[in-house]
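Okay, thanks for squeezing me in. Let me put the structure up, and then I'll walk through a few spots in it.

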Amino acid sequence: MKQVSIATRITFICIMLNSISISHAAETDMTNKQNTDSPGHFHPQGKPPSKFTVELHKKTKRELPFKDTRDFEESKKGFIAQPPYKQIMADAGNVAWDMASYDFLLQGKEFTSINPSLQRQAVLNMAYGLYEVVADRIYQVRGYDLANISFIKGDTGWIIFDPLTTKETSRAALAFINEKLGKRPVVAVVFSHSHVDHFGGIRGVVDEADIRTGKIPLIAPEGFMEAAISENVFAGNAMTRRTQYQYGVLLERDPHGHVDQAIGKNVANGSVGLIQPNHFISKDFEEMTIDGIKMVFQNTPDTEAPVEMNTYFPQFKAFWAAENITGTVHNIYTIRGAEVRNALNWSKQINNALYKFGEDVEVMFASHSWPRWGNDRIQEVMRTQRDIYANMNNQVLHYVNQGVTINEIHNVYKVPTSLQNQWAARSYHGSVENNSRGIVNRYIGHWDANPATLVPLSPRESAPLYVDMMGGASKILAKGKNLLAQGKYLEVTEILNKLVYAQPKNQAAKNMLADAFEQLGYQKESSSIRNSFLQAAYELRTGLPSALPPKSSTPDVIRAMPTEFWLDFLGISVDSQRANGMSFKINLQTPDNNEKFLIEMSNATLTNIKGYQAKNPDLTITINRSDLSNIMMGTTTFEKEAAAGKASLSGNSTVLQQLGGILVKFTPNFEIMPGTLNAQPTPASTPATQNGRAAPAYTAKPFEFVMHPEYDD
């Protein structure tokens with residue numbers, strides 16, 4: 001039987017989704033339809049969507065513009081070919097990428113466990129293969145990673161924009177386009193911004209020697225290196241753990257689990273690299289011609305990333321929007337944790353692009369989603385994204401200046417109706433509720449100005465008080481059951497969260513809270529919010545896997561990290577309670593890059609200063625920065641390097657043992673929900689079913705989550 005292309009199947013699903021809104025009278029009872037359209041839940045304690053969730057989804061289908069199918073038409077335009085494989089293997093032997101794991105989305109079914117708006121986005125993100133953007137000049141390989149990799153055909157070779165997350169996926173993309181269009185050398189690479197899914201695959205498309213010698217230009221916005229490695233260093237372990245929620249790493253790829261990541265399916269799990277660019281764009285607008293291709297770079301710092309740049313190709317009237325303009329509202333506040341982004345500046349930079357290039361551009365493509373063609377369509381999408389970020393910023397502050405607090409704003413601010421009816425202003429990646437709270441925090445901080453919340457009790461301290469006043473666990477569980485039956489899931493979380501904090505071993509309470517979280521996850525349009533609710537439900541029911549091995553940052557990232565960042569992180573790793581009374585000074589010298597640092601332990605605090613040396617240090621360490629990288633990665637020690645003749649330790653080397661004795665090694669397996677670390681779950685009372693058959697016994701599986709510089713979130 002001839003294989004039907006994904007582009008063709010997306011077209012069919014587009015028609016199916018469109019028909020949902022055309023004929024409300026033809027809607028079936030989705031509670032019954034669940035039995036045929038969805039497989040059994042992947043978790044034995046998982047629940048199907050409730051009638052309240054189903055009704056909410058029906059309302060969504062009635063209210064949103066499903067008749068507007070332009071995104072589907074654009075997402076399949078220019079399709080050339082898809083590869084014969086669905087998996088890409090990592091060099092280490094694991095599966096780096098598995099597009100087939102999401103094939104359930106291409107069955108032409110409605111899943112009542114997925115918000116229909118999110119399912120629409122999830123189907124759009126199933127594009128897989130090679131696409132032409134500008135005839136014989138601009139191409140993209142989509143569906144190989146969270147981001148797209150773009151190829152500009154120069155006079156002699158490829159100019160690559162954003163070489164994905166891993167070496168394996170970018171290497172496969174380059175091989176595929178060369179197979180289909182003829183082999184061409186890579187003549188330049190552009191990093192549009194500082195998130196790992198836009199630079200981590202660099203070693204799959206170029207040799208480092210060609211970058212070092214300048215044979216191949218590697219172009220990035222000014223400040224790229226610092227931004228690429230800094231944001232996730234100091235709070236990196238906490239961010240890694242929280243990212244497990246945002247990306248739903250314990251969830252099966254399933255209608256009841258992980259279905260999408262809004263700007264792509266997921267993140268590839270392979271070899272991540274980093275090579276320092278040899279050309280940086282520093283001006284607001286800067287022109288460059290490479291291999292016959294003229295490019296106008298637009299610097300857009302403090303937008304979707306700390307450093308980022310758009311690019312205009314005047315020869316083709318094509319505009320590269322990087323990640324500043326995609327098919328979704330992005331994160332102003334990222335729930336994994338990050339500095340709150342500047343929504344107003346983001347809007348202004350889109351406006352700059354609109355008026356600088358917008359009147360001429362005929363195609364707009366980006367590092368995620370799909371291109372838009374035609375000047376009117378492009379200006380429509382640019383204005384939609386410009387206006388949603390400006391409106392969030394301006395209206396949130398409008399309410400703040402009337403006394404609305406950070407704890408109220410998400411229930412007060414509403415996106416204007418005209419923007420709600422624009423698909424490009426829907427919250428698939430970011431969340432309007434969390435973004436609005438983030439904007440408040442950016443301007444006036446976390447405090448709501450009520451003195452009662454200035455020094456609040458911790459939840460573990462306040463929860464027993466609430467439980468006691470509510471009459472104990474049995475009354476709370478009874479009330480929770482009643483609220484669940486009414487579909488009042490937020491109310492359930494309000495009271496059951498207190499009980500779980502007060503009684504972390506109360507599995508009945510955790511299971512009931514999980515049931516409420518699960519329904520809220522099914523209801524959410526934002527993939528990040530959905531994943532977080534469903535991941536929390538999983539952990540409450542099953543506990544954290546006993547084996548949770550973190551991977552450290554990759555060697556390339558460590559080598560690129562400034563020594564000062566590492567010393568600052570050592571200060572964060574110090575347990576001050578064990579450092580009381582400790583005092584020493586260390587001079588650190590790295591001759592190969594002529595750096596010197598004074599490291600001082602004083603008042604249970606480790607500090608450092610660059611460019612200074614103590615007159616009478618307790619210890620002087622001399623080691624080349626190239627060798628220090630191995631110590632930074634934890635693969636060796638100063639003592640071992642000294643024994644190997646690669647380091648000199650002059651003075652009292654016991655201060656190294658003192659320092660090592662008070663450093664804490666962070667691992668991303670701390671509890672988020674109480675009572676989930678090494679918990680013993682309650683077995684399911686009845687087995688789950690899959691397509692009418694008993695499901696196999698479910699075993700919580702260990703997982704690895706790579707600690708990278710931040711993903712696009």
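So, Phe-569: buried or exposed? Partly exposed, because its relative accessible area comes out at 22%, and the cut-off for buried is under 20%. Keep in mind that this is a predicted model.

Now, who does Phe-569 sit with? A search of the whole structure turns up 23 aromatic pairs. One of them is Phe-569 with Phe-666, edge-to-face, 6.0 Å centre to centre and with 70 degrees between the planes. What I like here is that the pair links distant parts of the chain. Phe-569 belongs to helix α21, while Phe-666 is in the loop between α25 (654-660) and β22 (689-690), and the two residues are 97 apart. Phe-666 counts as partly exposed too, at 33% relative accessibility.

Stay with Phe-666 for a second, since it turns up again on the surface. Which residues join it in a nonpolar patch there? Phe-234, Ile-572 and Val-664, and together the four have about 300 Å² of accessible area. Ile-572 takes us back to helix α21, residues 563-573. With a relative accessible area of 36%, Ile-572 is partly exposed, and patch members need over 30%, so Ile-572 clears that bar.

While we're on aromatics, there's also a cluster made of Phe-161, Phe-313, Phe-316, Trp-320 and Phe-365.

Okay, on to the strands. There's an open sheet of 8 strands, and if you trace across it you go β1-β4-β5-β6-β7-β8-β9-β10, with mixed pairing. Why do β1 and β10 each have a side without a neighbour in the sheet? Because β1 (79-81) and β10 (279-281) are the edge strands, and each has a single partner. From one strand to the next, the twist averages 25 degrees.

Let's zoom in on the β1 edge. The partner there is β4, residues 129-134, and the two pair in the antiparallel sense over 2 bridges. If you want a landmark, look for Phe-79, which stands opposite Tyr-131 in β4.

Last stop is a hairpin. Strand β18 (residues 595-602) and strand β19 (residues 605-610) run antiparallel, joined by 6 bridges. Across the two strands, Glu-600 faces Thr-607 in β19. How many residues lie between the strands? Just 2, and in this hairpin Asn-603 takes a positive phi near 55 degrees.

That's my tour, so over to you for questions.

Notes. Residues are numbered from 1 along each chain as its sequence is written. This is a predicted model: local features need pLDDT of at least 70, side-chain atom pairs count only at pLDDT 80 or more; totals for chains, interfaces and linings use all residues. Side-chain values use heavy atoms; hydrogens and water are left out. Two strands pair if DSSP finds at least two bridges between them. Helices (H or I, at least four residues) and strands (E, at least two) are DSSP runs, numbered from the N terminus. Axes are lines fitted to C-alpha atoms, for helices over the stretch in contact, and angles run from 0 to 180 degrees between N-to-C directions. Patches are made of residues with over 30% relative accessible area and no salt bridge: like charges are joined within 9 Å, nonpolar side chains (Val, Leu, Ile, Met, Phe, Trp, Tyr) within 5 Å. Accessible areas come from the Shrake-Rupley method with a 1.4 Å probe; for residues, only the protein chains shown count as cover. A salt bridge is a side-chain nitrogen of Lys or Arg within 4 Å of a carboxyl oxygen of Asp or Glu. Buried means under 20% relative accessible area, exposed over 50%, partly exposed in between (1.4 Å probe, protein chains only). Rings of Phe, Tyr and Trp (its six-membered ring) pair if their centres lie within 6.5 Å; planes under 30 degrees apart count as stacked, over 60 as edge-to-face and the rest as tilted.
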